[in-house]
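Thanks for making time for this. I would like to walk through one structure, moving from its charged pairs to its surface and then to its pocket.

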Amino acid sequence: IGLIVAVVTDYWVIWAGILFGMALIVAIPFVRTRKFGPAFSLAVPAVIALVSVLLLLFRTPVNLELPSEVSPSASHSWQIAKSALRDAPLFGTGPGTWIYDYAKYRSVGVNMSQFWNVRFERGLTAFLTLLAMLGLVGTMLWILLIASGIVKSASHLTREKNDDAWQAYLTVFVGWMTTVFLAFLYNYNVTHHFAFWFLLALLGVLVSQGTYNWDAKNKSVVTSVLSAAFAVLAIGAVSAAWLAGQRLVADAKYSEAVKSFQRGDDIQRSLDYLNASVLLNPLNDAYHRNLSQAFLIKAGRKIQAQPSAEDARQINSLVTQAVESAKRATEIAPSNVDNWANLAGVYQAIASFTRGADEFAIKNYREALAREPNNPAFMNEIGKLYVLRSDAYRTLLESPDAAAKKTAEDNVKAELEKAAEAFNQAITAKPDYAPAHFNLGVVYERQGRIRDAVTKLKEVLSVNPQDVGVAFQLATLYYRTGDKDSSRKLFEQIVQAMPNYANARWFLSVIYEEQGLYDLAIAEVEAVQKTNPGVQVIDQRLAALKQAQAAKAAPAEKPLPEPVKEE
C-alpha cells in the first residue's frame, strides 16, 4: 500500500527516503554477519530500490494531476537561516517563528515571482527551519540527540545475538533514521514530528537495559512527594484539557464568523461570533485583527447610510473599537507583520475624516516594513497616504492670505515628493508592481508633469490591458495633452468593454462634440441619462447639444466637464 501511494504521489523526496531505508536494511545485516543473506531476503529491497531509481529518473505512469508543492529554495532557506542566526545566534528567533523570519529576511528577488505576496511558514528542509528557530544551541542539542540515538543503537545492532530482538532493533532504527534523513531534504509537518519522536521513544525502550526495583515501604517520604506531584500533574492535565477545549470552541466561533461574512449576512452576526472568540481565547491575535476589520466595516456601512446624530456617535464608537482591537493584536504578537499592516490600514481608512490618522497610518506601515522590508505593497500604501496629505493641503491653495497660500504650495510640493519617493521604492522592490506605477503617474499628473504621467500609465496599461480604471485615467491625460485622437480611441474601447461606464461616455461625448460629431455626442449623453435619470446637468448638456446640432454650430475646443456621479 505504501509503495502504491508513493507511485501515485511520485515525489523525489519519497524515493530518496525509500532508497536510504533500503540501503540501511541491506547494509546493517551485512555489518552484523559480514555476509549477505539468502537471495530471496534481498528480493523485496531490490525491487523497491529499482522502482525508486526508475521513478527518480522518469515520471510515474499514474497521473492524478496532484497539485505541485512550492517552498523556498535551499539557498534561500540557508540565507534566511544565516540572517536569523546573525540577529539571534544562540537560541534563534523562537519556536514557530520561521514565517516571521521569512518575511523579514526574504530576498527581494522573490518579488519577481508569482509568490511575492506569500509568506512561507517553513524552509525547504526541517534542519534549515530548526536552525533559524532554535539557534546554534538548540540545533546542536538536536544533533547531539540524534548522535546519541545512533551510537546507542549501533552497539545493539552489531552485537545482539537474539535474532528476534535484533529484528525489532532493525525495524525501529531504520524507520527512525529515515525520518532523520528526511529532515535534511524536506520540511517536517506534524506527522513527521510525531513519527520522529514516537520511533525514538520505541528505540529508547528497546535499547534500555536492566531493571529498577522500587520499595515503597522504605521510601514513604518520596512516595508521598510523588503522590502529591502526581495530583498536581493530574490537575494540570485537566486544566490543559479544559483550555484546549475552550480554544477549540473559540476557533469554531471564528470559523462561523468567516462563514457568516462570506454568506453576506448582517455584519453584526460576524461581530457577535468574533467577540465570543475573543472572550474564549483573548491571546489569539488573528481574532483581534479580524474583529477590528468587522468594526470598521460596520462603521463604513453606517456612514454610507446618511447617518443621524445617534448614528454618528455609534460610528465614533465603532471606529474607536476598531483601532483598539487592531492595537491589541500588535501587543499580542508584535512580530506578526499582518498586525501592523492591519493597524495601519485601520488608520488609513479613517484618515480622510480623522485628524492625525494619516500620520499614525504611515508610522505603522513603517513598522510593518521593519518586519517585511521588501514588501512593495506597504511602500505603495505609504505613498498613497502622502498623496492624501497633499490633497488636504491643496484645499488651502485658494486662501486669500498670501503667506498661507505659499505655505500650502510648499506643503503640497513636499508631500508629493515624499509620495513619489515611496512609489519609486515600491517599483525598485518590484519593477512590475502595477499599482505603484499607476500611483506614480497620478503624482506626476499633480506635479504638472503630464507627459511623464502619460508614459507611466502607458507602461501600466501595457502590463494589464484589461484595467479599465488605468485606461480611463490615461484617456483623460491624452485629452489634456491635446492628443484627442488617442483619447477618443481609448474612451471608445472603454465604452465597448463597459457599456455602463457613465463617465467614459460623458467624456467621450465632449470629444465627439469638439469634432462636430453631434449625433454620436448626443447618443453618448442619452446613454448617460439612462443610468443617471433626473440629473439636471445631464439634461442641460443634452439640450445644449441638440440646440448646437440644430444650429449647425462650428466645433470648438472645450474643457472636460465635472464627472457625473456613478457607482
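Let me begin with a question: which side chain meets that of Arg119 in a salt bridge? The partner is Glu372, and the N to O distance in this pair is 2.8 Å. Before going further I should say that this is a predicted model, so please hear every value as computed from predicted coordinates. The pair links distant parts of the chain, since Arg119 sits in the loop between H5 and H6, while Glu372 sits in the loop between H14 and helix H15 (376–394), 253 residues apart. The two partners also differ in how they are covered: Arg119 is partly exposed, with a relative accessible area of 23%, whereas Glu372 is buried, at 2%. Because the limit for calling a residue buried is under 20%, Arg119 at 23% falls into the partly exposed class.

The structure holds 27 salt bridges, and I have picked out two others to set beside that one. Glu415 pairs with Arg389, with the closest N and O atoms 3.2 Å apart. Glu415 belongs to helix H16 (residues 402–429) and Arg389 to helix H15, so this pair ties together parts that are 26 residues apart in sequence. Both Glu415 and Arg389 are buried. Returning to the pair I opened with, salt bridges with shared partners join Arg119 and Glu372 with Arg106 and Asp338 into one network.

The next pair stays inside a single helix: Arg328 forms a salt bridge with Glu331, the closest N and O atoms being 3.4 Å apart. Both residues lie in helix H12 (residues 309–332), 3 residues apart, which is about one turn of the helix. In general, an α-helix has 3.6 residues a turn, so residues three or four places apart point the same way. Here Arg328 is partly exposed at 32% relative accessibility, and Glu331 is exposed at 54%.

Now to helix packing. Helix H5 (residues 98–105) has as its buried residues Trp98, Asp101, Tyr102, Ala103 and Tyr105. What covers them includes helix H4 (74–87), helix H6 (126–159) and helix H14 (357–371). A charged residue can be buried elsewhere too: Lys484, in helix H20 (residues 484–497), is buried, with a relative accessible area of 17%. Leaving aside residues up to four places away in sequence, Lys484 touches Tyr478, Tyr479, Ile511, Glu514 and Glu557.

On the surface, Trp12, Leu50, Val53, Leu54, Leu56, Leu57 and Phe58 make a nonpolar patch of about 700 Å². Helix H3 (residues 43–57) gives the most to this patch, with 5 residues. Leu56, found in helix H3, is partly exposed at 38%, and because patch residues must have over 30% relative accessible area, Leu56 meets that condition at 38%.

Finally, the largest pocket has a volume of about 800 Å³. Its lining counts 32 residues, of which Ala6, Thr9, Asp10, Tyr11 and Ile14 lie nearest its centre. The elements giving two or more residues to that lining are helix H1 (2–9), helix H2 (12–33) and helix H7 (163–183). The largest share, 7 residues, comes from H2.

Conventions: Residues numbered from 1 in each chain as written. Predicted model: local features only at pLDDT ≥ 70, side-chain atom pairs only at ≥ 80, totals over all residues. Heavy atoms only, no water. Patch = residues over 30% accessible without salt bridge, like charges linked within 9 Å, V, L, I, M, F, W, Y side chains within 5 Å. Areas by Shrake-Rupley, 256 points an atom, 1.4 Å probe, with all protein chains shown as cover. Salt bridge = Lys/Arg side-chain N within 4 Å of Asp/Glu carboxyl O. Helix = DSSP H or I, 4+ residues; strand = E, 2+ residues; numbered from the N terminus. Buried < 20%, exposed > 50% of the residue type's maximum accessible area, 1.4 Å probe, protein only. Contact = heavy atoms within 4.5 Å. 1 Å grid on protein atoms, 1.4 Å probe; cavity = no way out; pocket = protein on both sides within 12 Å on 5 of 7 lines; lining within 4 Å. Points joined across faces, edges and corners; volume = space filled by probe spheres on them.
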